[in-house]
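Please take a moment to look over the sequence and the model before reading on. The paragraphs that follow go from the overall build to the interior, and then to one helix and one residue.

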Amino acid sequence: MKKVIVGLSGGVDSAVSALLLKQNGYDVTAIFMQNWDDNDEQCTARVDYEDAVKVAEKIDIPYYSINFEKEYKEKVFSYFLSEYKKGRTPNPDIMCNKEIKFKAFLNYALKLGADYIATGHYARTKKDENGNTLLLRGIDNNKDQSYFLSALSNEQIKDVIFPIGELTKPEVREIAKKYDLPNANRKDSTGICFIGERDFNEFLSQFLKGKPGNIVTTEGEIIGKHTGLMFHTIGQRKGLGIGGLGSKSSEPWFVCGKDLEKNELIVCQGKNNINLFSNKLIASNFSTPMKDFNKEISFCTAKFRYRQKDIDVKVQFEGDKLILTYDNVKSVTPGQQAVLYQGDVCIGSAVIDEIYRDDIRLKL
């Protein structure tokens, strides 16, 4: 009997994953990962753990809790702060998967003698003609989470099972209700795990000091003040505090750039303003879940943010740099991940560094 250690988070997706594994004849053990201080009033770790325990006891599988707070703060939270300090918008969930769930947890599980680990991600794997593992999108297009797994290596995915990858979210809910799992009706978690329901800017201010500066139009007109570039992201509409200032137009203002040297937040009016669009990007730190990846690839599709529709891109590699060109796309953001696909196969991703429109680098 193959031994599987499943990451049990307290949510319905990992609960159904554990249930399905047991029904399929695996020797299943559940581990709850504590990645944030559960004394933090906004953190749901304690409630999550209690729900995970109820699920494990209902399914009748052994369960343990492992504390990865130290690794999380060193690898994920420090990265999160560093990126915001640079005026960028990071994706900590991708880093968490790379450094915690599929590294610290994977290594821990293998030391316990696991043949596989499993998680409640909506993704799939399959073997190619050479027997190598490929990462695929989940069947449910609305819940597919391959985007968040795109920075994993082949070593990190070859011993992973995604039990709900072939299911839709409604089907997962139905299974949870059918077997009377205690968290069958629990709402999905949203947002960044360690921030919870609190105000984002207030949270960030506890760790980074904002530097006030001017809000300027693309023509250089000062129309307001910001409290720190780190509090704003490309494409942002709300929370700018400038209303209809600086123009007779009634159209809303959007963040379209940042001048880090001048500490200026650049804005433009109208959701279709050309200044919100780009047609080229340069990204770094490319990684691929594929064992044998051919960098001679010329064309594929990409996503520059989660749940974005696939974008046709032209691909070019220069050393460790990934260069993508595409038809005009709105609000491409430095710090986010450019994720590449060929059909359902996730072929890799890189962190967006530079954005261009007609070969002119934008101030982001």
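How many helices and strands are there in the protein? The model, which is a predicted one, contains eight helices and 18 strands. Its radius of gyration is 22 Å, close to the 21 Å that the globule rule gives for 364 residues, so the protein is as compact as a globular protein of that length. Along the principal axes, the C-alpha atoms fill a box of roughly 70 × 50 × 35 Å. Of the 364 residues, 57% count as buried, and the surface that the protein exposes comes to about 17,700 Å², with carbon and sulfur atoms supplying 46% of it. Among the contacts between residues at least 6 apart in sequence, 64% join residues at least 24 apart.

We can now turn to the interior. In soluble globular proteins, nonpolar side chains tend to be buried together. The largest nonpolar core here has 43 residues, and of these Phe-80 and Leu-204 touch the most other members. At least two residues of this core come from each of β2 (27–34), α3 (69–85), α4 (92–111), α5 (146–149), α8 (200–205) and β16 (337–342), while α4 gives the most, with nine residues. Leaving aside its neighbours within four places in sequence, Leu-204 is in contact with Phe-80, Leu-81, Tyr-84, Met-230 and Phe-231. Apart from this core lies another, of 39 residues, which includes Ile-215, Leu-240, Leu-265 and Leu-362.

Helix α3 deserves a closer look. Its buried residues are Glu-69, Tyr-72, Val-76, Phe-77, Tyr-79, Phe-80, Leu-81, Glu-83 and Tyr-84, and among the elements that cover them are β2, β3 (63–67), α4 and α8. The helix has a kink of about 30°, centred on Phe-77, and just after α3 comes Gly-87, which takes a positive phi of about 85°.

The last stop is a single polar residue, Asn-154, which is found in helix α6 (residues 154–157). Is Asn-154 buried or exposed? With a relative accessible area of 10%, Asn-154 falls under the 20% cut-off, and therefore counts as buried. A polar atom of the Asn-154 side chain lies 2.9 Å from the backbone oxygen of Thr-133. Not counting residues up to four places away in sequence, Asn-154 touches Thr-133, Thr-288, Pro-289, Met-290 and Lys-291.

Conventions:
Residues numbered from 1 in each chain as written. Predicted model: local features only at pLDDT ≥ 70, side-chain atom pairs only at ≥ 80, totals over all residues. Heavy atoms only, no water. Core = buried A, V, L, I, M, F, W, Y, C linked by side-chain atoms within 4.5 Å. Buried < 20%, exposed > 50% of the residue type's maximum accessible area, 1.4 Å probe, protein only. Helix = DSSP H or I, 4+ residues; strand = E, 2+ residues; numbered from the N terminus. Contact = heavy atoms within 4.5 Å. Polar contact = N/O pair within 3.5 Å; in protein donor to acceptor, adjacent residues only side chain to side chain. Bend = angle between axes of the 7 residues up to and from the residue. Rg over C-alpha atoms; globule rule 2.2 N^0.38 Å. Areas by Shrake-Rupley, 256 points an atom, 1.4 Å probe, with all protein chains shown as cover.
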